[in-house]
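The following exercises concern salt bridges and pocket lining. Each task is followed by a solution in steps.

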Amino acid sequence: MSGLRILSDDVDTLGSDGRVVHIRDIRADDIDELLALNGRVSDRSIYLRFFSANRDTAARYMAGLTIASDGRRRALGVFVRDRLFGVGVVEPVDADTAEFALLVADDAQHTGIGTLLLEHLIGEARGVGFERLVAEVLASNLAMIQVLKDLGFTPATRFDAGEMHIEFALDISDQVVSAIGERERTAGVASLRPLLTPRSLAVIGAGHRPGTAGHEVLRNVLAAGFTGPIHVVNPNRSSVLGIDCVSSARELPGDLDLALIALPAAQVPEVLEACGERGCRAAVLFGAGFGEAGSAGVQLQDEVLAVARRFGIRLVGPNCIGIANTDPAVHLDATFAKLPARPGPLAVLAQSGAFGAAIVEAADAAGLGISNLVSVGNKADVGGNDLLLAWEQDPRTRVVGMYLESVGDPRRFARIAGRVSRTKPILAVKSGRTEVGQRAGRSHTAAAASSDVAIDALFDASGVLRMHTMQELLDAARVLATQPLPAGPRVAIVGNSGGPEILAADAAAEAGLTVVELDDNTREALRALGVTDQNPLDLGAAVTSETVEPVLRTLLAAPSVDIVLTVFTEIAIADADAITGVV
């Protein structure tokens, strides 16, 4: 979240509808955009802002904003595709107080632009020492009060002759932080809908030759049964895999959600710009040759991201294998890997495409399906923070598995992951534990090196469970995806062999769990069943399912127990199938 701080640089952020917007200081060369905004807002908007319908007066005021940013007097603009959609101003009243005002284009109202403007104006005002903001608005301008409420502030108001005086202190309360977090979640999830649940898509660079990325992506899209319209761009073919081709991205329909671009790196900026001109909202970049390929690649990746920002396109990649969504309403496999299509509760983020494909295949072999796979590659735009926001709201996702070579914006990660992990476990394999591994990461996905001690501290603070291998992640995911989250760390261990139970007790203690002493009532109930009342509970090699079932019911109902761990060993004198059926 980029608000509530001094706007030292231009900021790209998200409106409530998920569109990327650009916030920056108003400059002298913005005069034409300021006057154009003044000309296209409605008479009512002019009246509510200036208390008069005189557009000439409003135009003179707007023109004066080009010199507003002079220390404590600031003017900020919100731009979408280089077009001005809103402007906000803070002007000093005295040493501690500033007056603020907003004007938002009619066609951009109710998209969060006013809230974003005020959020950043508050950051500017706090940064230069103001303690409170005030405004004089018409009593009928209830939208202004709503903007403040959306940000978590409760202003003091005073009415006088049809006007309303608003005043509030610039204290950043828990309520304000919560409101900003909610806005961030709503905007983040909305911005990823065209990516994760597209209504239509185009494969750009799909050829007729099997084994090439574009061809395999299109083949997988078709094989998965994508539920929306599919378009193909190939200037040299009339059709590929039975889908008619257009020769240029500029010939695509204007309501396209997702572009799947499998082209050489040098061609991507121009093609992405063409997609942006057609209104495309999201893109996956499969090709390499960007940030991982040295300084020239970094420059090219920055150019691609600038194009995406200008047109409000969310990017996955570059240098990735693609994305998949097993939701029956979507049926999306936009990858060039051979992935099983088993739906399930595990969402996978992988900075390495090969790791992502491998864990999906291993999960399928173990009977565990996925909700989503997103191979983020170089993470030029979409990364773990964005996807955690989306998966937090996804009822199909119960567990998140991540392979990371770098963690972007650790503070934001800690805030988001800390909240998500309270309801959905997050399992992470983080590579680059050594200098050799960090060096390999820089050449693989341009991953920035991080201290492994710092990563451990970040994961601990965020509730993220660090795994060391893919198999460890998969084993943990299978348990967590099929079991309810325990209420606490108190564990009871029950089985038919003392040795394995002792090992389980050691493992539980080393993991931070408590092998608890059972409460008196539970011990009495166990003795009544004719079994031991000591935890771990060794029921003996010849125990039957008729004994196991009431023991488990007693432990699950025990007020002193949060988790029951069963450790049953297959031996000849026990009916393993019957016991497994009970467990």
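**Exercise 1. The lining of the largest pocket**

By class, the residues lining the largest pocket comprise 29 nonpolar, 7 polar and 9 charged ones. Here Ala, Val, Leu, Ile, Met, Phe, Trp, Tyr, Cys and Pro count as nonpolar, Asp, Glu, Lys and Arg as charged, and the others, Gly among them, as polar. The model is predicted: local features need pLDDT of at least 70 and side-chain atom pairs count only at pLDDT 80 or more, whereas totals for chains, interfaces and linings use all residues. Residues are numbered from 1 along each chain as its sequence is written, and side-chain values use heavy atoms, with hydrogens and water left out.

Task: state the volume of the largest pocket, and identify the residues that lie nearest its centre.

Solution.
- Step 1. On a 1 Å grid over the protein atoms alone, a pocket is an open set of points with protein on both sides within 12 Å along at least five of seven lines, and lining residues have an atom within 4 Å of a point.
- Step 2. The volume, that is, the space filled by probe spheres set on the points, is about 1700 Å³ for the largest pocket.
- Step 3. Of the 45 lining residues, Val479, Leu480, Pro486, Leu513 and Ile563 lie nearest the centre.
- Step 4. Elements giving two or more residues to this lining include α14 (452-462), α15 (470-482) and β26 (563-567); helices (H or I, at least four residues) and strands (E, at least two) are DSSP runs, numbered from the N terminus.
- Step 5. The largest share, 7 residues, comes from α15.

**Exercise 2. Salt bridges between distant parts of the chain**

Task: determine where the partners Asp257 and Arg199 lie, and whether Asp257 is buried or exposed.

Solution.
- Step 1. A salt bridge is a side-chain nitrogen of Lys or Arg within 4 Å of a carboxyl oxygen of Asp or Glu; the structure holds 28 of them.
- Step 2. In the bridge between Asp257 and Arg199, the closest N and O atoms are 3.0 Å apart.
- Step 3. Asp257 is in the loop between β12 (243-246) and β13 (258-261), and Arg199 is in the loop between α6 (174-196) and β9 (201-204), 58 residues apart.
- Step 4. Asp257 has a relative accessible area of 4% and is therefore buried, the limit being under 20% (exposed is over 50%, partly exposed in between; 1.4 Å probe, protein chains only).
- Step 5. Arg199, at 60%, is exposed.

**Exercise 3. A network**

Task: which residues are linked with Arg314 in a network of salt bridges?

Solution.
- Step 1. Arg314 pairs with Asp381, the closest N and O atoms being 3.0 Å apart.
- Step 2. Both Arg314 and Asp381 are buried.
- Step 3. The network links Asp12, Arg309, Arg314, Asp381 and Asp386.

Conventions. 1 Å grid on protein atoms, 1.4 Å probe; cavity = no way out; pocket = protein on both sides within 12 Å on 5 of 7 lines; lining within 4 Å.
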